[in-house]
Amino acid sequence: MATRVDPTLLKELKKYGAVGVEKCFNCGNCTAICPLTSDEYAFPRNMIRMVQIGHTERMSQSLDPWLCYYCGDCSETCPKGAEPGETMMAARRWLTAQYDWTGLAGKFYTSKAWEFGSMILLAILVVLAFVFFSGPMVTESVELNTFAPLHVVHMADWIMAGFLLLFIGGNILTMYKKVMLSGNQTATPLSIYISEAWQLIVHGLTQKEWDTCIEEDVENKEMTQERIARITHLLLVSGYGLMLVMIIFFLSWFQTDNIYPLYHPQRWLGYYATIVLLWGAGYALWGRAKKAIQAHRFSHASDWIFPVLLFAVALTGILLHIFRYMGLPLPTYYIYIIHMAFTAPMLILEVPFGKWAHLYYRPLAIYFKAVKVREEEHNRELAGALAAAD
Ligand code: SF4
Ligand code: SF4
C-alpha cells in the first residue's frame, strides 16, 4: 500500500515544540545511545526520519514517542544539534492532539490564545457558579459547607468526572484504533490483552522504565538531578492521584467544617497531597527556569502552564486551610473560590488535553507494545507448530 507523504508535517511539528529536526543527517548516534530503544522500536532516529519525509499516517500509529522518558542522552550525543529528545517530546504533544476526538488538544498546544482563553473562561464559569449557586456567607464563624453546600460541590465533581471519562475514554479508543487496528490483518487474541494487562498497572503506577534511563553515578551531578526528577515525578503523581480520589469519592470526609485533631488521617492525607504537589510543581518550575537537566532545556508553553496551575492549586489550598483554622470566614470563602477557579482548568483541561495525558498514554503504549511482542511470539509458535505438523 502506498504511503502518503505530508510535506507540512515538519512545519506542523515545530508548532508542537520540535527544534532542529532539519539538521539531522541520519547518522544513527541517537538510537545507538538510547537506553530504551530496541530492534522493533528503534527510536529516536526513525521518528526524526518520519518527520523529515512527512509520514503523518505512520507517525500517528507509532508508539515510539511514548516509550521515550526524555533522559536527553540522544540530544547530548547528536553531532548536529538536531535535538532528537525534543522531537520525541513534540511528537508526544502532536500524538495527544491526534488521539483527541474533540480537536481541543491541538488548539491548546498550537495557540496560546486558545490555551489561556479556555483557562480564563473556565475560571470565570467557576466564579459565576459561586455567584448563582453558593449558599449564604456566614460571617460569625467559618461555615464552608453552608457557603459551598456539599451536595452541590459533589454534584459538580461527578459532572466533571463524567466529562473526564468521556474525553479520556474517547481519546484512548482513538489511540487503540490507530496503534492496534490500523494495518493489522488479524485481530489480536483477547487472551494476549488479558495476559499482558499487568504491564498497564505496573507501568502506570511506577513508571519503572524511567529507571533504565538513569545511571547510578553519584559523582555525576546530571545523573543525580535525573534521579531527583524521577522521585519528584513519582511523588507528584501520588499526590495528584490522592487529591483526585479524595475530591471525587471522599468529598464529605475531606470538605468538612469539623476541625480534626492533628493526628487524624484526613489531615495527614491532605498535608501529604499538598506538600508533594507544591514540591513537585516548584521543582518543575525551578528546573525549567534553570534548565538544570536536558529535558528542561526547551520549554513549550504547556510545560509551564501545568506546574503553574498545580502550584496555584496547592498554594490556595494551604491558604484555605490556614484561614479556616484561624477562624476567618470571608478570607476562607474567597480563597475557596480562587482555589476552585485554579482547580477546574487543571483537571478539566490538563488531564484529557494537556501535559497530564502522558500519564495514561505512556503506560498504555508500553502495554500495547507488550501485546504486539507477545502476538508476534504467538504467531511464530503457531507457524512452528504448523510446520512441524506438515
Ligand atoms: S538526530 Fe542527530 S544523532 Fe540522531 S540521527 Fe540525526 S544527526 Fe544523528
Ligand atoms: S531522550 Fe532518552 S529515552 Fe528518549 S529517545 Fe532520547 S535517549 Fe532515548
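## Ligands, domains and a core

Visitor: Which helices each supply at least two residues of the shell around ligand 1?

Guide: Helix 2 (29-33) and helix 3 (45-53) do. The model is predicted: local features need pLDDT of at least 70, side-chain atom pairs count only at pLDDT 80 or more, and totals for chains, interfaces and linings use all residues. Residues are numbered from 1 along each chain as its sequence is written, while chains are lettered from A and ligands numbered from 1 in the order in which they are written.

Visitor: Why is 29-33 called a helix?

Guide: A helix is a DSSP run of H or I with at least four residues, numbered from the N terminus. Residues 29-33 carry the name helix 2, so they form such a run.

Visitor: What makes a residue near a ligand?

Guide: Its C-beta atom, placed from the backbone, must lie within 6 Å of the ligand. Around ligand 1 there are 13 residues, and Cys24, Cys27, Asn29, Cys30 and Cys78 come nearest. Ligand 2 has 16 around it, with Cys34, Cys68, Cys71, Cys74 and Gly85 nearest.

Visitor: Which helix gives the largest share of the shell around ligand 2?

Guide: Helix 7, with three residues. Helix 6 (73-77) and helix 7 (84-99) each supply at least two.

Visitor: Why is Cys34 counted as nonpolar and Gly85 as polar?

Guide: Ala, Val, Leu, Ile, Met, Phe, Trp, Tyr, Cys and Pro count as nonpolar, Asp, Glu, Lys and Arg as charged, and the others, Gly among them, as polar. By that scheme, the shell around ligand 2 has 13 nonpolar, two polar and one charged residues. The shell around ligand 1 has eight nonpolar, three polar and two charged.

Visitor: How do you know that domain 1 touches domain 2?

Guide: Contact requires C-beta atoms, placed from the backbone, within 7 Å. By that test, 23 residues of domain 1 meet 26 of domain 2. On the domain 1 side, helix 7 has the largest share, six residues. The bounds, 9-99 and 111-374, come from an automatic or database domain assignment.

Visitor: What makes Leu67 part of a nonpolar core?

Guide: A core joins buried Ala, Val, Leu, Ile, Met, Phe, Trp, Tyr and Cys residues through C-beta atoms within 7 Å. Buried means 20 or more other C-beta atoms within 10 Å of a residue's own, exposed 12 or fewer, partly exposed in between. Leu67 is among the residues with the most contacts inside the largest core, which has 81 residues. So Leu67 is buried and joined to others in that way. This core draws at least three residues from each domain.

Methods: Contact = placed C-beta atoms within 7 Å.
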